[in-house]
Structures are given as C-alpha cells and as structure tokens.
Amino acid sequence: MDCIFCKIIEGVIPSTKVFENDRILAFRDIQPAAPVHILIIPKKHIPTMNDVTDEDAPVIAELFAAARQIAKEQGIDESGYRLVNNVNADGGQVVYHLHIHLLGGAKLSPLLGEV
Ligand code: 5GP
Ligand code: ZN
C-alpha cells in the first residue's frame, strides 16, 4: 500500500519514535509546527476519521490515552497542548492514514476554523 505512515510503521521510512505498542505508534512530525509536535497513529490503516467503525473504538480510545501519557512525558501536560485531527481536503488532511497531532511547548495561536 502506498501510504507514508504505513511505511513508517513497517520501518521502511525512518522516524523518531516516542511511543509504540502492538496497536499504535507515535513519532515526531518531520515539519514541526510547535516545539513539541508528535503524530499518534493506529497501526491499522484507517484513511480518515470518516472511516472509523464501531469496532475501532478501543484503538481510538488508546490514541487519546497515548496522547495524555506522551504529553506528560514531554512535560507539557500542565502548560497545555492541543490535539488535532484533520479530515479530508477542507480539513487540511495531507496524509490519508488517521493521525492525531499533539502540539505544545509554546502558547499556540487561538486560530480555529475558517481562515
Ligand atoms: P495532515 O495535514 O495530514 O493532518 O498532517 C500530516 C503531517 O505528516 C504533516 O504535519 C507532515 O509534516 C507530516 N509528515 C508527512 N510526511 C512525513 C514523514 O515522512 N515523516 C514524518 N515524521 N512526518 C511526516
Ligand atoms: Zn497507512
């Protein structure tokens, strides 16, 4: 499958991993938009949030649990952080393998919504 994130999971494309288990992987974004910018992904290839099914509920919950744990490990849980999931073209999705951006380490722009 021609998916960058599946290749990162397989180790074909290198990444800086910060967390991994049998179901999920977290690694640093190659073009960080904040001092801490980590992508948290399921190992199952799910293209977008639109493709999530009821049976995916446990792994979705695990993505958020990992985000919470990684934020603490990165020392940004108290200062704060933002979790972002872009969906399809208008949402700004570029890589079609479900991922949550974990952003923090600085005061983030309040920008949300229409630009
Ligand atoms: P999206 O716009 O789809 O929500 O976000 C995709 C993210 O993946 C972008 O922030 C981009 O910098 C990141 N990205 C794209 N290709 C790679 C890569 O090969 N390695 C890593 N670590 N991040 C990538
Ligand atoms: Zn994939």
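**Close-up views: a zinc site and a ligand pocket**

H99 counts as buried, at 6% relative accessibility. The cut-off explains the label, because buried means under 20% relative accessible area. The model shown in these views is predicted.

**View 1. H99 sits in a loop and faces ligand 1.** H99 belongs to the loop between α3 (88-91) and β5 (100-104). An N or O atom of the H99 side chain lies 2.7 Å from an oxygen atom of ligand 1. The H99 side chain also makes a polar contact with the side chain of H101, at 3.5 Å. Beyond its sequence neighbours up to four places away, H99 touches F5, L39, I40, I41, V84, N85 and Q93.

**View 2. Ligand 1 is surrounded by 16 residues.** The closest of these are R28, D29, V94, H99 and H101. Backbone atoms take part too. A polar backbone atom of R28 is 2.9 Å from a nitrogen atom of ligand 1. For V95, a polar backbone atom is 2.9 Å from an oxygen atom of ligand 1. From the side chains, H99 supplies an N or O atom 2.7 Å from an oxygen atom of the ligand. On its own, ligand 1 has 520 Å² of accessible area, and the protein covers 83% of that. Two elements, α1 and β2 (24-28), give two or more residues each to the shell. The largest share, three residues, comes from α1.

**View 3. H101 links to H37 and H99 through side-chain polar contacts.** H101 has its place in strand β5. Its relative accessible area is 12%, so H101 is buried. The contact between the H101 and H37 side chains spans 2.8 Å. The contact with the side chain of H99 is listed at 3.5 Å. Leaving out residues up to four places away in sequence, H101 touches D29, H37, I38, L39, R82, L83, V84 and N86. H101 is also among the closest residues to ligand 1.

**View 4. R28 meets ligand 1 through its backbone and Q74 through its side chain.** R28 lies in strand β2. With 33% relative accessibility, R28 counts as partly exposed. The side chains of R28 and Q74 make a polar contact at 3.3 Å. Outside the window of four places in sequence, R28 is in contact with T16, V18, H37, I38 and Q74. R28 and H101 are 73 residues apart in sequence, yet their C-alpha atoms are 9.5 Å apart.

**View 5. A zinc ion (ligand 2) is held by two cysteines and two histidines.** The donor atoms are SG of C3, SG of C6, ND1 of H45 and ND1 of H97. They lie 2.0 to 2.3 Å from the ion. The site is tetrahedral, with angles of 104 to 116° among the four donor atoms. For comparison, the ideal angle for four tetrahedral donors is 109.5 degrees. Along the chain the donors follow the spacing C-x2-C-x38-H-x51-H. C3 lies in the segment before α1 (4-10), and H45 in the loop between β3 (36-42) and α2 (57-73), so this pair ties together parts that are 42 residues apart in sequence. How buried or exposed are these two donors? C3 is buried, at 5% relative accessibility. H45 is partly exposed, at 25%.

**View 6. L98 is a buried loop residue.** L98 lies in the loop between α3 and β5. Its relative accessibility is 3%, so L98 counts as buried. Setting aside residues up to four places away in sequence, L98 touches I40, I41, P42, I46, P47, T48, M49, V52, I60, L63 and N85. L63 is 35 residues from L98 along the chain, and the C-alpha atoms of the two are 10 Å apart.

**View 7. N88 has a positive phi in helix α3.** The phi angle of N88 is near 60°, a positive value in a residue other than glycine. N88 is partly exposed, with a relative accessible area of 31%.

**View 8. A61 is a partly exposed residue of helix α2.** Its relative accessible area is 48%. A61 and A26 are 35 residues apart in sequence. Their C-alpha atoms are 14 Å apart in space.

How values were computed: Residues are numbered from 1 along each chain as its sequence is written. Chains are lettered from A and ligands numbered from 1 in the order in which they are written. This is a predicted model: local features need pLDDT of at least 70, side-chain atom pairs count only at pLDDT 80 or more; totals for chains, interfaces and linings use all residues. Side-chain values use heavy atoms; hydrogens and water are left out. Donors are N, O and S atoms within 2.8 Å of the metal (3.2 Å for Na, K and Ca); water is not among the atoms, so sites may look incomplete. Four donors count as tetrahedral if all angles lie between 85 and 135 degrees; four count as square planar and six as octahedral if opposite donors are over 155 degrees apart and all others between 65 and 115; anything else is irregular. Helices (H or I, at least four residues) and strands (E, at least two) are DSSP runs, numbered from the N terminus. Buried means under 20% relative accessible area, exposed over 50%, partly exposed in between (1.4 Å probe, protein chains only). A polar contact is a pair of N or O atoms within 3.5 Å; within protein, one must be able to donate a hydrogen and the other to accept it, and residues adjacent in sequence count only if both atoms are side-chain atoms. Contact means heavy atoms within 4.5 Å. A residue is near a molecule or strand if one of its heavy atoms lies within 4 Å of it. Accessible areas come from the Shrake-Rupley method with a 1.4 Å probe; for residues, only the protein chains shown count as cover.
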